[in-house]
Every structure is written in structure tokens, then in C-alpha cells.
Amino acid sequence: PGSSRTESRVKRALPLAVMTAVLALGAVFLAPACGGSDYTPCESDLDCLIICECALGGDGMIGAVLVTRFAAQGWSVYATTRRRDRVDETHPYLDLSALGASLGAAPGDDLPKVDVVVLAAAVAGIGDCEENADASRQINVDGTLGVAKAMAARGAFVLLLSSDKVFDGAVPLRSRHDAPCPACAYGRQKADAEAGVLALGQ
């Protein structure tokens with residue numbers, strides 16, 4: 001019964017978490033105009049892990065905004081870091097470049113058990129992904145899916161931040177049901193990461 005209540009609570013909170021993430025990012029630019037920073041839809045008392053290796057423990061814009069916003073909602077928030085000198089109770093160590101896509105190569109007890117995992121880490125530079133395809137794929141696909149599989153196996157609801165680059169840009173206003181048709185390495189990597197996370201099921 002306790003597990004069922006937790007699962008129900010997480011499923012209710014996830015759409016709100018996505019909305020909060022979008023509004024929080026929008027608030028960086030729009031809050032002075034529309035008051036977006038005052039919107040607080042999420043349930044409290046959830047544990048969230050933000051995977052933001054490339055943001056060095058939440059120092060990047062997306063990681064920092066999400067950590068701040070979810071903490072303000074009353075969630076227990078953890079943000080990963082690959083800098084050993086920043087590791088503490090709320091900043092567990094994680095280096096996505098050292099992980100594989102198989103469950104056996106993914107982290108286990110090194111990361112906290114949480115209700116929600118937000119995969120926000122990425123090598124997002126179009127040129128970087130073209131010039132360093134193997135290294136960027138290790139982070140954007142293999143390491144990301146390794147974490148996703150491991151955390152899903154521990155009961156977490158996994159949310160991947162993707163990109164419009166999974167489409168080629170030829171058709172505006174794509175539907176989420178449209179098949180990916182990436183035209184660059186970054187888009188192909190994000191499309192593969194999407195497919196891997198969706199394959200985890202509900």
C-alpha cells in the first residue's frame with residue numbers, strides 16, 4: 001500500500017514537475033514581464049535528482065534554475081557533479097563520460113534513491129557533437145541511458161530534457177508523436193536517448 005501511494009503521488013506530480021521546469025526556465029527571461037517566478041504548482045515532499053554533469057553540479061543555467069525551483073517547492077533536491085571538490089550530501093559525484101548504456105555499468109548505490117530523476121546533462125554544442133562524435137555520444141546517449149536504466153530500476157520516474165534538433169527543421173510546429181528526423185549529430189544523439197528512455201516503459 002505504501003508503495004502504491006508513493007507511485008500515485010509521483011505520477012500526479014510529474015506533469016506538474018515538467019510544467020514547473022518549463023516555467024522556471026521561462027522565468028529567467030520572462031518573470032519581470034509576466035510574474036512567472038511566482039507560479040508554484042508542484043506537490044511537496046518529493047525527492048529529485050538532477051543529472052547535470054556538464055553543468056558542474058547545477059552551476060549551469062538549466063541545472064541551477066531547476067535546483068532552485070524544485071527546492072522552493074519543498075522537494076529534497078540533489079544535483080550531480082563531476083568535480084570531486086564539490087561533492088557533498090546534496091552533490092553526489094557522477095561522471096557520465098565514464099558510464100556505459102548497459103545497466104551493469106551504470107551507477108547504483110552511489111546515487112541517492114529518489115522519486116524523480118531529471119536528465120539535464122548534455123554536450124549541446126552542434127559543432128562540438130560533430131567534431132567529437134564519440135565523446136559527446138558517450139555523455140548524451142550511453143552515460144545518460146546508463147543512469148536512466150539504473151534509476152528506473154530503483155523505482156524513479158525518469159524525465160529526459162531533449163531538443164528540437166531531433167527534427168530537421170523542415171516542418172514547423174512538430175507534434176511529439178512525429179518520428180524523429182535529425183539532421184545533425186546532436187539531434188541523432190538526442191533521438192537515440194529519447195528512444196532509450198521511452199523503451200524503459202511506464
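**A buried aspartate and a four-stranded sheet**

The side chains of Asp95 and Ser97 are joined by a polar contact of 2.5 Å (a pair of N or O atoms within 3.5 Å; within protein, one must be able to donate a hydrogen and the other to accept it, and residues adjacent in sequence count only if both atoms are side-chain atoms). This is a predicted model, in which local features need pLDDT of at least 70 and side-chain atom pairs count only at pLDDT 80 or more, while totals for chains, interfaces and linings use all residues. Residues are numbered from 1 along each chain as its sequence is written, and side-chain values use heavy atoms, with hydrogens and water left out.

Asp95 sits in the loop between E2 and E3 (strands are DSSP runs of E, at least two residues, numbered from the N terminus). Asp95 is buried (under 20% relative accessible area with a 1.4 Å probe, protein chains only), yet it has no salt bridge (a side-chain nitrogen of Lys or Arg within 4 Å of a carboxyl oxygen of Asp or Glu). Arg82 is the nearest side chain of opposite charge, 5.0 Å away (Lys and Arg count as positive, Asp and Glu as negative; His and the chain ends are not counted).

As for the sheet, four strands line up in the order E2-E1-E3-E4, open and with parallel pairing (two strands pair if DSSP finds at least two bridges between them). Strand E2 (76-79) and strand E4 (157-160) are at the edges with a single partner strand each, so one side of each has no neighbour in the sheet. Strand E1 (residues 47-51) pairs with E2 over four bridges, in the parallel sense; Asp47 has Ser76 in E2 as its bridge partner.

How values were computed: Buried < 20%, exposed > 50% of the residue type's maximum accessible area, 1.4 Å probe, protein only.
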